[in-house]
Each structure stands twice: as C-alpha cells, then as structure tokens.
Amino acid sequence: MKIQNYVYGEWVDGKGDGAPLIDPVTGEELARASSDGVDLARALDHARSKGGPALRAMSYGERGALLGKINEVLATNRDKYADIALKNSGNTKIDAAIDIDGGTGTLFFYSRLAGKLGDAKYLADPGFERMAKDETFQGMHIWVPLHGAGIHINAFNFPSWGLWEKAAVSLLAGVPVFAKPATATCLLSYEMVRDVIEAGVVPDGALNLICGGARDLMDHLTGADAIAFTGSADTANMLRGNKNLIASSARFNAEADSLNMSLLGPDAKPGAAEFDLFVKEVSREMTVKAGQKCTAIRRAFVPTGILDDVIGALEARLAKTVTGDPRNETVRMGPLVNKAQQKVALDGIKQLSAEATVVTGGAEGFKPVDADPKMSAFVAPTLLKCTDPRAAKAVHDIEVFGPACTVMPYDGTGDAIALASRGGGSLAASVFTGDDGFANDISLGIAADHGRVLVVDEKVGDLQTGHGIVMPMCTHGGPGRAGGGEELGGTRGLRFYHQRTAIQARLDRLQTLADNAAQVTL
Ligand code: NAP
C-alpha cells in the first residue's frame, strides 16, 4: 500500500517507490510513503488562499466547535489508531495512549478554551495606551490571525500528539494546517487526517498533509507563514539557515532535543517518600515509549552520599521491565522506532560509556521477548553511572533517544544548578524534595535553563502529571539546545499564529475595536 498526500483539496499519490514504513518488532513493511511529484508551492497556496479565508470567517467559538468535531471523529476510530501505533511505532498500550489520547486531549482542551474567546474574530490586549496630554487620542494592541499557513514539521515519536497539539492551536487561531509528519511513522497521522477529511468537518484547505520527504518545502514559504518544527537540533539548525526562511522573516519555532534532568533533594534519603517517587519517575521516563520522548529524563542528579542507594533502587525497578513485542501482555517496554534509530541510540550508549559505567543494559547482546534481535529495533533499558560529572562532557551533550539515563552525584545547591546548566538548555526538569527552601532555590536557579520545572513532594506525589508529560495549559519548549521555542500554554500558544498590531486612533474608535475583541494577555 502507498499512502497519499492531502493537498489542493484532494488525495494525491506521490511518485516512485516511496519510503518503507516498517513494523519495528518484525521488520515487516506496512506501507510506503512518497511526496515526490507533489507541487508544494501549489499545495501551500491552496492552504493560504482557501483554508485561511474560510477559517478567518469563523469566530474563535466556531473554530473551537470545529476542534470538537475533529476530536469526535478521532474518538470513533481510536481502536484502529492503537493498532497502527503498535504496528508502525512498536507502542505498548500505554505508549499509544500517550500519543493518541495526548493528541485528542489537546484538541478537547483547546475546543473548551475557545469558549472563553466567544464570538470574537480577533484578540486585544486589555486596556489602552495614553500617548498625549489629551485623552482623546490613544493606542491599543490587537492580535489578528496570520494570512499564511501553519507549516508543522514533526518528529517520528509522536505521529498523533505532534500533529494535533500543533493543529489545535493553529486552527483555533484561524491559520490553516500544513502538516509534515516524520516519514518513518506517518501511517498514524495519515489515517487520522484521512478520517477527519472523509468526515467533512474541516473547510477546504484548512487541513493539509504531506506523507514523505519535505523536499523543497522551505523554499516556498512566505513571510505570512509560521513554521513550527519538532525534531533534532541538527535538522532545526539546518532549517534555520534556509535562505528563503531568512529572507522572508517567516516565524520559525523549534522544539528540539535536550538533556533533561531530574534531581533528588538532599533531604530525600532512602525510605523518604520523595526518594521512592524519584526512583519511580526516572525508571518510568526511561521506559515509557522506550525513552523516545523529547522530555525524557537523560540525566539524574542525586546527593553524593546516596548515589549507590539510588542506583540500586533503579536497577531493581528496571529489572522488572519486560521488554519485547508489545503484543505479549507481559511486555512493558517496546522497541525503538526502526533499525536506524536503534543504531544511533546504541552508538550514543557506547559514547557515554567512555565516561560512565554501564550499571544495567548496554549496547550489546540484548534478547527481547517474542522478537528476533536481527529484525527488531530493541535497546535494553540502560542505566549508567558517572562519578565525575564536572569533568565529563558526553553525559551533558549526547542525547540517547532511547531508554538510557546517567545517574550522577552533586554536592550542594550551587553544584546542582551548575551541573543542570551543562545541558545547554533543556525542555523539562524535575526536582524531588520535601524541603521547601531547597525546592524554591533550585527552581529559581535552574529556571533560566529550562522551559518547565516539575517540583514533587509527598503531598503531590499521586497528583503530579509526570516529568515527561506535556500539558496543554502550560507552555512546552526550552531555551538553547532545546530549540528556544514555545508551544501550547493555553491562550499563550495563539500568539505564534497572530500578528500584534498597534492601533493609534480616537479613543471612541478604539473602544469599538476593544468591544468586539476577545480581551486576552498573550
Ligand atoms: P529529525 O530527523 O530532525 O526530523 C524531524 C522532522 O524534520 C521530520 O519530519 C523530517 O522529515 C523533517 N525534515 C528533515 N529534513 C527536512 C527538510 N530539509 N525540510 C523540512 N523538513 C525536514 O528528528 P526525528 O528523528 O524525527 O525526531 C527525533 C528528535 O526529535 C529527537 O532528537 C527528539 O529529542 C526530538 N523531539 C523533540 C520534541 C520536542 O517537543 N522538543 C518532541 C519530539 C522529538 P523526514 O522524516 O521525512 O526526514
């Protein structure tokens, strides 16, 4: 089967054989994807000229209802999607739920949030700006939807969540979606978009999909477009250098990789609730989606005196993680997404082991349950120990995009903050401590290097949403190496798809504009 592209209002075959989409457990080919021959300039123009005006004719409330309808279509077909997630991504049931329900949950959240914005078709900052002695002439700031396309380039690990977390915000803003999922796992994105298009719930041009390479996509964007990229720092940097992107000043948001860290407070000795919560979270982050989460914990910092206690507890927990074919009910961790990713991850583990000791797992000789190591793409849950993190480099630099984490000691708050910063900017950090003073000092100390900091103690142990889980009401993104971008965050996410314009005029005219706007601080 060759899957198609949805462009210029129709399903279009790509030319040639296309790239194979593989089952990472069996090595079986599931489908092929190709965008070759698709006229990307025409496809983008269709999104801008048809989808944009149709969406902008609707109010935020109406577009919120549209998101609700998309969500209903996807809910009807959920079982089919879980089966595809198992086949094309090697997902366990929990992995598939994070991707699929994470996507639909975000659509639901934004459909509800639209209620706050009501019948308005543009937004305004609350209040006016006085500019002269006489109050009759003043200024205000309005936000209007961009007239271009939301070009959404996604990573392979979230073919559902990545698609819908961007589409939800873009569609609510009134900007048509031009989605380009990663080729390796685009089968799920394809089926979902196909179902939504067949259901007839989106206006012509509002939802477009490329399955296969992006080819010369970047050469056709204009200054009215907004590009939201998720993927590796290398690809982000390559795209940032695109001449047309630079010349057009189109917006470019990058969510890239990062060396996320989790830290155990000095108070959390073995036996403390926070100690157990930390061990549980680190091992969960290593094994959920086989560690293929951009937010997963790669570096775990613990007080020097209890380094071996933590490692022992983690080792015991990881030993219970049955790894193999997710079709087997006992399996808790599946494979990486393909052989290429397996190779990169195993190479990364080898590089880390030059300055860290492998405690469990490693790059060699792993035998998964119910799967042939030659055909499948498994990596063992791999825990490493680095006793001199100040001198080490690779542990702060190499993102093994798989089930690997390095545990390291720290001595005091200043040392912990300095070590955290060695990641060069990350998406997420977590701190496990019952000490309020330490919690505040660390949160403030590491905030400049992180997009999100989760602070856990016993009281929120069962309530917290998880180190690696992205919640749509809070911003997602991180500084520096993590790409310097920002997504979601409730209404904050709308900012990327709107132009802020200062209007200077007679006060009563401004008042009319303000009365018809949804007042919001972005
Ligand atoms: P990748 O190789 O950088 O690819 C990301 C996307 O860029 C894919 O859709 C890819 O398409 C596309 N792409 C490649 N060359 C392009 C070009 N010239 N023009 C336009 N698009 C182009 O990343 P990946 O291997 O899919 O994902 C793994 C990485 O993503 C990890 O490093 C992870 O940390 C990061 N990630 C970050 C987040 C986050 O939210 N910050 C979330 C998930 C993953 P093809 O697939 O067709 O090559």
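How many strands form the open sheet, and in what order do they lie? In this predicted model, three strands make up the sheet, running in the order β1-β5-β4, and the pairing is mixed. The edges belong to β1 (2-3) and β4 (19-22), each of which pairs on one side only.

It helps to take the two pairings in turn. On one side, β1 and β5 (residues 29-33) run in the parallel sense, joined over two bridges. Here I3 stands opposite A33 of β5. On the other side, β4 and β5 pair in the antiparallel sense, this time over four bridges. I22 has E29 in β5 as its bridge partner. The hairpin of β4 and β5 has six residues between the strands, and G27 in that hairpin takes a positive phi near 80°.

Next come the aromatic rings. A pair of rings is described by how far apart the centres are and by the angle of the planes. The count here comes to eight aromatic pairs. In one of them, F278 and F432 meet edge-to-face, with 5.6 Å from centre to centre and 75° between the planes. This pair links distant parts of the chain: F278 sits in helix α9 (residues 273-287) and F432 in strand β19 (residues 426-432), 154 residues apart. Are F278 and F432 buried or exposed? Both of these residues are buried. Another edge-to-face pair joins F496 and Y497, at 5.1 Å centre to centre and 80° between the planes. F496 and Y497 are both buried too.

Some rings also gather in a group or have a charge for company. Y6, W11 and Y190 are linked by ring pairs into a cluster. The ring of W11 has the charged end of R194 sitting over it, 4.3 Å from its centre. Elsewhere, R63 lies over the face of Y60, at 4.6 Å from the ring centre.

Helix α5 (residues 161-173) is a handy one for a quick check on length. At 1.5 Å a residue, its 13 residues should span 18 Å, and the C-alpha atoms at its ends are indeed 18 Å apart, so the two values agree. Why can α5 be called largely enclosed by the rest of the structure? The reason is that 13 of its 13 residues are buried, each with under 20% relative accessible area. Just after α5 comes G174, with a positive phi near 100°.

Helix α5 turns up again around the largest pocket, where it supplies at least two residues of the lining, as do β12 (226-230), α7 (233-240) and α11 (339-352). Rolling a probe the size of a water molecule over the atoms shows where space is left empty. The largest pocket holds about 810 Å³ of space. Its lining is made of 40 residues, and the closest to the centre are F229, G231, S232, A233 and T235. Which helix gives the largest share of this lining? That is α7, with five residues.

Finally, D436 offers a look at an exposed position. D436 belongs to helix α14 (residues 436-447). With a relative accessible area of 58%, D436 counts as exposed, because that value is over 50%. The C-alpha atoms of D436 and G127 are separated by 37 Å, and the two residues are 309 residues apart along the chain.

Terms used:
Residues are numbered from 1 along each chain as its sequence is written. This is a predicted model: local features need pLDDT of at least 70, side-chain atom pairs count only at pLDDT 80 or more; totals for chains, interfaces and linings use all residues. Side-chain values use heavy atoms; hydrogens and water are left out. Two strands pair if DSSP finds at least two bridges between them. Rings of Phe, Tyr and Trp (its six-membered ring) pair if their centres lie within 6.5 Å; planes under 30 degrees apart count as stacked, over 60 as edge-to-face and the rest as tilted. Buried means under 20% relative accessible area, exposed over 50%, partly exposed in between (1.4 Å probe, protein chains only). A charge sits over a ring if NZ of Lys or CZ of Arg is within 6 Å of the ring centre and within 35 degrees of the ring normal. The expected span of a helix is 1.5 Å times one less than its number of residues. On a 1 Å grid over the protein atoms alone, a cavity is a set of points where a 1.4 Å probe fits but cannot get out, and a pocket is an open set with protein on both sides within 12 Å along at least five of seven lines; lining residues have an atom within 4 Å of a point. Grid points are joined across faces, edges and corners, and a volume is the space filled by probe spheres set on the points.
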